[in-house]
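Colleague: I'm new to this one. Could you walk me through how to read it, feature by feature?

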Amino acid sequence: MKTPEQPRERDGAEPGTAPLDLAGVSPTSPVGRLAATVERLRREVRTAHAEAEGRALIELAKGILVERLGCGPAQAARQLAELTAQANVTPLEFAVDVINQAARDGVSEIADAFLSTAVETPARQDTALRLRAAESGALAANDTQEVADALLEHALRPLGAVAVAVWSAGGDGSLTLSGSAGFSPAEAVRWRYVPPDVATVARRGLTERTDQWFESLADTGLPTIGRHLHPAGGRVAVPAGTGGRIHGVLEIAWPGPLEPQPPQIVRQVQALAELCAHTLETSTLSQYPGQHPRILPDAAELMDLADGLHDPALVLVPHLDDSGQLVDFRIQHVNSRFLDPAGRPRAVVSGALLLEAYPMAAGESELYQRVERVYATGEPFRSRRMRLTPLVDQVPLSAVADISISRHGSSVLLIWRIEDETARLASLLQHAQRLGRVGGFEENLLTGEITWNDQLFHLYGRSPTSTPVPLEELPAHAHPDDAVALGRFLRTLLHHRRPASAAFRLQRPDGVTRHIRVVAEPALDADGRLFVVRGAYQDISAQHWTEVALAATRDQLVHTERQATERNRLTLQLQHAIMPPAQAPLTVPGLEVAVRYRPAETEHLVGGDWYDAVVLPSGLVLLCVGDVAGHGIEAATSMVVLRNALRGLAVTGAGPGQLLSWLNIVAHHLTGGVTATAVCALYDPEQRSLRWARAGHLPPVLVRGREATPLPLVKGLLLGALPEAVYDEAELQFAPEDVLLMYTDGLIERRDRSVEESLTHLLTTARTAPKTLDQQLDRLLTYSRSDTDDDTCIVGICVT
């Protein structure tokens, strides 16, 4: 990185230089006389600058009168003097008014906006005068440094600003400090150059391509020039661009917090950024004398470069409207390796506008937006397997491509290597056909389109003209005992977006059951979103029955293994007998109840999670979930004791707090001193109210509308910890369509995350409510991020 140049000295007060301190110095002493002389000369220089800028505006107004009245300069001067006297304003104020009426540009629009909201006319005159003076100073400046001085002195100090920086954007995304005022020379040297990809306030304005207003730098955490001078001051970063291309950024600093500004002030700042844009553009184009201000001599060189590439490439140049705004890009050139996705000749594409040749480029693929951003900021864009479907309307095109977009001067080089997904899928299906007894498929999760080959229809026992079965409906076509394995398969594939496989028993419409293995892999787009799943089904019935026959002839397991297997089998049977994965629905007027139980994925980790949902003789509905500490037969039997004890105690009509107090005695004295957590609730259908208490358990989650929040915690010690315990109660009043979720920690618990982070993910998942309560509970299980292999119970109610 080259050594930055020192800011040059100017006559008058240097920005960032403090005035001379004459306190304690005698005015008659040599030092005092010298200091007084310096201050006088500074004032004279500032006055001379102001008079020169004012004379420039007055002379411009004279020129307008000469053109409008058809008179000579002397007569125009007399006319200006007479009109000034009649209007009772200064010559400079009247000159600015004449210029505004003739120009009808951004400055005059801002002045008119102030006139419409100000009580008195001087508000408009002061604004117009300041902006015209800043414009005059900027146009007369020799470099960007003088532009910064003029902007701060004439336009920004009256707004309360104390410093300004003008940044020039490089083609590689870097920023160079072209000029500054109000910052010390040392600070300007430190921030002379900002490399690409370094996050600063100015870069935020460059990358976002919109005005960035910050009330206080302390809230942003972004470094920037002069941050230590005004750490709590406000900042604004406004992109300075012309013709769709951002040449730099105007950054303005305030000494204190910046309140929200009215639209007139925002428009003033934007007008100043436009002045900077023209200055930055002029300084860039000074290297290319004699050229059109928006077409640099780089397109021809870029065309030669594109012809030398082995990949398909297009050279794009900006297409501007009459006002100089970017509206499209013209395809200036395509190389010999370019193949149009719609099959058109290269001569048809070359010379056309990008959105005319590919009208859908501004749609789902966002290709046009990528090109526009690269042209505006200069930062290149790279993407592997970016989806381009469809680029041309009414053309059945399904394609992805490796994309590279870069700006060279005023032109853009677009390189794409298109991969035809249709040809890829055809090759995959042909290969699956050769394997025999293997059916290939592809499912587009965005459009719902499903493609099967003939072999897959045969495996399913379905006609080739029938509708393929979506992956999410796979459990409905399998044996009920395989629902858990298929649930894990779908969760790994669709939620975790990892390749997955599963074996299951396919129940065909003709009554035949086949043993099938399904293997699938997800495909992600450029933004990491899942959009396609590809895979195959294999009929492994013959292999399965062979393995069964071989297993029948194997030696018996050793005694300890047989004992452990039997123990786990009994434990699982006990759990399934007490808590099936889904319970028969309860019939309660105005209430829908659903439950789910997912056993541990490892047999030796069989735990003591339990749930219950039952209508009591009083008409109230008992809802509860719990988790006994530990695993194995002891935890399972303790779970059965607590679950049955709570159901029996609930018949007494006691509240949930009293029920947990009694259940604590059972856990401490009658079950060998086990500990457990639980949530107990009683729902009143007539009042639509719920009373609940907790014993060391996670709080239920209320889903109301599009919001999901945990219920406020109530005090309650876990069961069995002390001989006696008191449990607080809370009451919740439901509204129609409210959903309440009660669950065990196996739904959210992770080894590498805190409970708060896991609960936040659960709330995010619960906010997206499917059509039915059953679907919502299935969704919670599918998208659960738990990795502790623990049991999971969920009880959900929906008030109708």
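Modeller: Happy to. Let's begin with one residue: Ser178 lies in strand E2, which spans residues 175-181. Keep in mind that this is a predicted model.

Colleague: Is Ser178 buried, partly exposed or exposed?

Modeller: Look at the relative accessible area: under 20% is buried and over 50% is exposed. Ser178 comes out at 23%, so this residue counts as partly exposed.

Colleague: And which residues does Ser178 touch?

Modeller: Leaving out residues up to four places away in sequence, Ser178 touches Thr144, Gln145, Val166, Trp167, Ser168 and Leu280. You can also compare sequence with space: Ser178 and Arg192 are 14 residues apart along the chain, and their C-alpha atoms are 7.8 Å apart.

Colleague: Let's zoom out. How many helices and strands does the protein have?

Modeller: There are 22 helices and 26 strands. The protein has 800 residues, and 46% of them count as buried. For contacts between residues at least 6 apart in sequence, 59% join residues at least 24 apart.

Colleague: What about aromatic rings: how many pairs does a search of the whole structure find?

Modeller: Eight aromatic pairs. To read one, take the distance between ring centres and the angle between planes; an angle over 60 degrees is edge-to-face, under 30 is stacked, and the rest are tilted. Phe441 and Tyr537 form a tilted pair, at 5.4 Å centre to centre with 50° between the planes.

Colleague: Which parts does that pair tie together?

Modeller: Phe441 is in strand E12 (residues 438-444) and Tyr537 in strand E16 (residues 530-539), so the pair ties together parts 96 residues apart in sequence. Both rings belong to buried residues: Phe441 has a relative accessible area of 2%, and Tyr537 has 3%.

Colleague: Can you show me an edge-to-face example?

Modeller: Try Tyr683 and Phe734, which are 5.7 Å centre to centre with 65° between the planes. Tyr683 lies in strand E20 (residues 676-684), while Phe734 is in the loop between strands E24 (730-733) and E25 (739-743), so this pair links parts 51 residues apart in sequence. Tyr683 and Phe734 are both buried.

Colleague: Which residues do ring pairs link into a cluster?

Modeller: Phe441, Trp452, Phe457, Tyr460 and Tyr537.

Colleague: One last feature: where does the charged end of Arg779 sit?

Modeller: Over the ring of Tyr783, 4.7 Å from the ring's centre.

Terms used:
Residues are numbered from 1 along each chain as its sequence is written. This is a predicted model: local features need pLDDT of at least 70, side-chain atom pairs count only at pLDDT 80 or more; totals for chains, interfaces and linings use all residues. Side-chain values use heavy atoms; hydrogens and water are left out. Helices (H or I, at least four residues) and strands (E, at least two) are DSSP runs, numbered from the N terminus. Buried means under 20% relative accessible area, exposed over 50%, partly exposed in between (1.4 Å probe, protein chains only). Contact means heavy atoms within 4.5 Å. Rings of Phe, Tyr and Trp (its six-membered ring) pair if their centres lie within 6.5 Å; planes under 30 degrees apart count as stacked, over 60 as edge-to-face and the rest as tilted. A charge sits over a ring if NZ of Lys or CZ of Arg is within 6 Å of the ring centre and within 35 degrees of the ring normal.
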